[in-house]
Amino acid sequence: MDNSNSIDLCYNVITDGSTTGDGFRAVFSIDYENPERVEWKNTYDQSCFTRRPSQPDAQWDGSCDIGIQQRVIAACNEVNVTTSKQKSSTSSSFSSSAINNIKFVRFLFLFYLTLFTYIHIYIYTYIYVYMYILPESIEKTKELERGYCHIGDVQTKYCVKKACSNSRSISKSVHFNGMGRIDPVDADPFTIHRSTNEEFAIQNMVNLVTHAIKQLEREHLDNQFFSGGVTQWSGLEDSKWRLGIKLARSLLLGDSFTAAFTGSSLTAGRDNLFLSSYPMQLQSLLSPLWKEIGYKGAAFVVKNRAIDNDHIRTNQISWCLPELVGEDPDVVFWEDTTPNNLPVYFSTVENHLRSTISLRRKPVWHAVIGRPHGSLPTRYQNLELSSLYIDLADYYQKSGVGIVEFRPSNFDTLAAQNSKYKQEQVYVSWYPGPRGHRYYAQIIAYFYLNALLDVLKDIQPAIQAVYYYIYIFLFIIC
């Protein structure tokens, strides 16, 4: 599915024990709301509702984050609908002069016999259509013109109860309520925020991307925070260039750049709010930039499809990757970090990689290697690619797979320099807390922005030259 012209549907089916083995049938229709017909019981002016968790050890109390607002259809007014029926009639006449030829009479007999048969079929068909199909179609047309309305139906939308990033509580830990995370820019994190710019300036893009990179650097003590989170290998520069081209294409041609994440409970955001997971914080970080600098239609989109290891892992999802992430990703992430040492098989990781490059947009393949709390490095380590795919890297790199491996937990070595990198600040349990996920997202964003900047700077002279020659041409002819 392409983000530019399709929607995702998610069904929550609740049945009792009487429904077994038969499946179910869903009917999907697209209707519109006619403001002249629908009367709402209340409006979205009500407060933003969040349900407080019942678990005593929950990391959230409902005082911030995304909530919902609802309104209910109270009445359906009558609306005048004008439906006109166009009737068409055809008439035909047959006149002949004196018939002197017996062969012509025989021809006429056969002609009218055939015509009589077809007339009967036409009449019966017309009666059936007029009595059964046409009334139903006319009523559906009227209903469509009136607009959808059903008393009691509830319409729900997302709302921001309060930003979580600066929430503080003396009696709670620094992980409570998503403290320290990058908050989403919109109440609905699944809304695609597209640029509306009718034109673009390549120099402006370069300036704003450079500014975004500098902002990330100012937040951290050492640029090794970023470089140490990316595994160095022989194909990295080629992978970075392939990524940069896809990012630049999105901005310059006004298209979505879609990052699809598969993985374990770490990527899913376990022990955190969903919007605190590093994929969603990556979207919160880069989506506003794409909307600001991209050509009309450009958007940065994240799909977090990670699932807890207790249910499904690489050994299963590698076989159904298109169904999980769709056909439109520009990059697919793999992550399978687990504290319980469940095996991940070499063959299924290769299958995940092959399924990725078989998708319609030929996405690149990135990996995230987390590290469990308690086994963190005391210094930066120059590690090789994971043994699960190190032997595949050179072979698949030739087909354009663009492997990049992120090891974002490498930043723990900075704890001696600043307390904000200490484990109690970064980890909520075995898993990173909201600030830990923030660091994961920033390391990925930094690499992405630098890949984009390299490509923009490389193509900038060519684009500016085109503008120059067009300007000269218009000056001459005008």
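Q: Which residues line the largest cavity?
A: The model is predicted. Its largest cavity has a lining drawn from residues such as Gly263 and Ser264 early on, and Glu335 and Asp336 later in the numbering. The full lining is Gly263, Ser264, Arg305, Ile307, Asn309, Ile312, Arg313, Thr314, Ile317, Leu324, Glu335 and Asp336.

Q: How do the residues of that lining divide into nonpolar, polar and charged?
A: Ile307 and Leu324 are among the lining residues, and these count as nonpolar. Arg305 and Asp336 also line the cavity, and they count as charged. The lining divides into four nonpolar, four polar and four charged.

Q: What is the volume of the largest cavity?
A: The structure holds one cavity of 30 Å³ or more. The largest cavity has a volume of about 50 Å³.

Q: Is H2 roughly parallel or antiparallel to H6?
A: Helix H2 spans residues 202-219 and helix H6 spans residues 278-293. They pack with axes 10 Å apart, at an angle of about 160°. Angles over 145 degrees count as roughly antiparallel. H2 is therefore, relative to H6, roughly antiparallel.

Q: Which residues of H6 make the contact with H2?
A: From H2, the contact uses Met205, Leu208, Val209, Ala212 and Leu216. The H6 side is made by Leu285, Leu289, Glu292 and Ile293.

Q: How many residues of the contact of H2 with H6 are charged?
A: Eight residues of this contact are nonpolar, and no polar ones take part. Glu292 of H6 is in the contact, and Glu counts as charged. The number of charged residues is one.

Note on methods:
Residues are numbered from 1 along each chain as its sequence is written. This is a predicted model: local features need pLDDT of at least 70, side-chain atom pairs count only at pLDDT 80 or more; totals for chains, interfaces and linings use all residues. Side-chain values use heavy atoms; hydrogens and water are left out. On a 1 Å grid over the protein atoms alone, a cavity is a set of points where a 1.4 Å probe fits but cannot get out, and a pocket is an open set with protein on both sides within 12 Å along at least five of seven lines; lining residues have an atom within 4 Å of a point. Grid points are joined across faces, edges and corners, and a volume is the space filled by probe spheres set on the points. Axes are lines fitted to C-alpha atoms, for helices over the stretch in contact, and angles run from 0 to 180 degrees between N-to-C directions. Helices (H or I, at least four residues) and strands (E, at least two) are DSSP runs, numbered from the N terminus. Angles under 35 degrees count as roughly parallel, over 145 as roughly antiparallel, 65 to 115 as roughly perpendicular and the rest as oblique. Contact means heavy atoms within 4.5 Å.
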